[in-house]
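Work through the following exercises with the sequence and the model side by side. Each task is followed by a solution that goes step by step.

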Amino acid sequence: MALLRKINQVLLFLLILTLGVILYKKVHRTAVPKNEADDDSETGEDLEEEIPVVICAAAGRMGAAMAAINSIYSNTDANILFYVVGLRNTLSRIRKWIEHSKLREINFKVVEFNPVVLKGKIRPDSSRPELLQPLNFVRFYLPLLIHQHEKVIYLDDDVIVQGDIQELYDTTLALGHAAAFSDDCDLPSAQDIHRLVGLQNTYMGYLDYRKKTIKDLGISPSTCSFNPGVIVANMTEWKHQRITKQLEKWMQKNVEENLYSSSLGGGVATSPMLIVFHGKYSAINPLWHIRHLGWNPDARYSEHFLQEAKLLHWNGRHKPWDFPSVHNDLWESWFVPDPAGIFKLNHHS
């Protein structure tokens with residue numbers, strides 16, 4: 001009797017085990033096609049390439065970064081990953097602004113930039129001290145902040161994107177080029193750059209050609225400069241050519257020899273890039289970097305021209321969230337109010 005009871009227990013166990021295996025196979029068979037479909041979609045034509053966009057959010061001008069992000073996100077169907085870079089004491093505020101506003105739907109990472117890497121590399125005597133802020137040099141250190149991407153877009157915070165960012169991302173970089181920029185000599189004629197007082201578009205405006213170190217570079221002072229406020233970068237080439245180390249070398253040399261021209265009152269970030277990338281960069285479509293909107297508050301562009309522009313850049317002293325400024329209505333249409341109420345617009349004298 002005891003033996004029969006034991007056999008029955010074994011049979012019952014085997015029956016339960018068999019039913020469990022059948023049930024597992026049924027569930028697994030149902031689940032596998034879904035996973036396979038997901039895998040196929042990731043390797044097929046429907047795969048959306050992730051476009052990394054790096055933008056800094058400085059404490060006093062965080063609203064600029066949020067407006068730029070809003071304009072990018074609103075004008076594309078592309079899969080954007082925003083890397084929003086800030087200093088340690090601003091990270092929570094950046095996250096709160098995004099998560100408690102209309103930007104909550106974006107895909108983003110808040111990244112800390114440690115200014116210790118700049119120690120001893122910046123001269124503290126610029127006539128435009130705002131250009132000495134640590135985040136102004138984030139573009140030098142892109143590989144330290146971005147690891148898994150081959151191609152990256154960097155944008156200054158005082159821009160508005162009116163085109164599809166996918167188009168900028170698709171900019172072709174020539175073999176061996178680590179970055180693409182907009183030439184200052186290739187600006188559309190509609191900008192009428194001659195009326196913008198103090199505007200420089202050659203190396204003479206950024207480097208001090210009285211210094212032997214600059215003369216020894218063999219670069220003509222009339223060489224056309226470029227603006228690094230919009231960059232499409234190849235991270236593999238950047239690392240291979242040790243671009244960051246080269247930039248740091250010229251920062252250090254400037255500290256020792258004061259190599260930059262004072263005519264601009266600040267090419268602190270542009271000047272070393274002009275040296276390192278001389279003759280070794282690709283071109284961005286000029287409509288993807290319509291700039292100098294912040295140079296002269298009395299210089300206005302035609303509405304038609306501004307509508308044609310893919311990206312507007314208020315580089316210069318006169319920012320669109322402040323007074324005086326031009327075409328601030330275009331910028332303000334993308335402004336995202338600060339949930340904390342700290343950042344406020346100032347459009348009146």
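**Exercise 1.** What does the accessible surface of the protein chain come to, and what share of it belongs to carbon and sulfur atoms?

*Solution.* Keep in mind that this is a predicted model, in which local features need pLDDT of at least 70 and side-chain atom pairs count only at pLDDT 80 or more, while totals for chains, interfaces and linings use all residues. Residues are numbered from 1 along each chain as its sequence is written, and side-chain values use heavy atoms, with hydrogens and water left out. The accessible surface, computed by the Shrake-Rupley method with a 1.4 Å probe, comes to about 17700 Å², and 54% of this belongs to carbon and sulfur atoms. Of the 349 residues in the protein chain, 50% are buried, where buried means under 20% relative accessible area, with protein chains only taken into account.

**Exercise 2.** Compare the expected span of helix α8 with the distance between its end C-alpha atoms, and then find which way its buried residues face.

*Solution.* The chain holds 11 helices and 9 strands, which are DSSP runs numbered from the N terminus (helices H or I, at least four residues; strands E, at least two). Helix α8 covers residues 243–257, and its 15 residues should span 21 Å at 1.5 Å a residue, the factor being multiplied by one less than the number of residues. Its end C-alpha atoms are 21 Å apart, which agrees. The buried residues of α8 are Ile 243, Thr 244, Leu 247, Glu 248, Trp 250, Met 251 and Asn 254. Seen down the axis, these buried residues fall within an arc of 165 degrees, so they line one face of the helix; the arc is taken from the directions from the helix axis to the C-beta atoms. They pack against α4, α6, α7 and α9, and α8 is followed by Asn 258, whose phi is positive, near 55 degrees.

**Exercise 3.** Locate Thr 171 and decide whether this residue is buried or exposed.

*Solution.* Thr 171 is found in the loop between α5 and β6. Its relative accessibility is 11%, so Thr 171 counts as buried. Leaving aside residues up to four places away in sequence, Thr 171 touches Lys 151, Ala 180, Val 232, Ala 283 and Ile 284, a contact being heavy atoms within 4.5 Å.

Conventions. Buried < 20%, exposed > 50% of the residue type's maximum accessible area, 1.4 Å probe, protein only.
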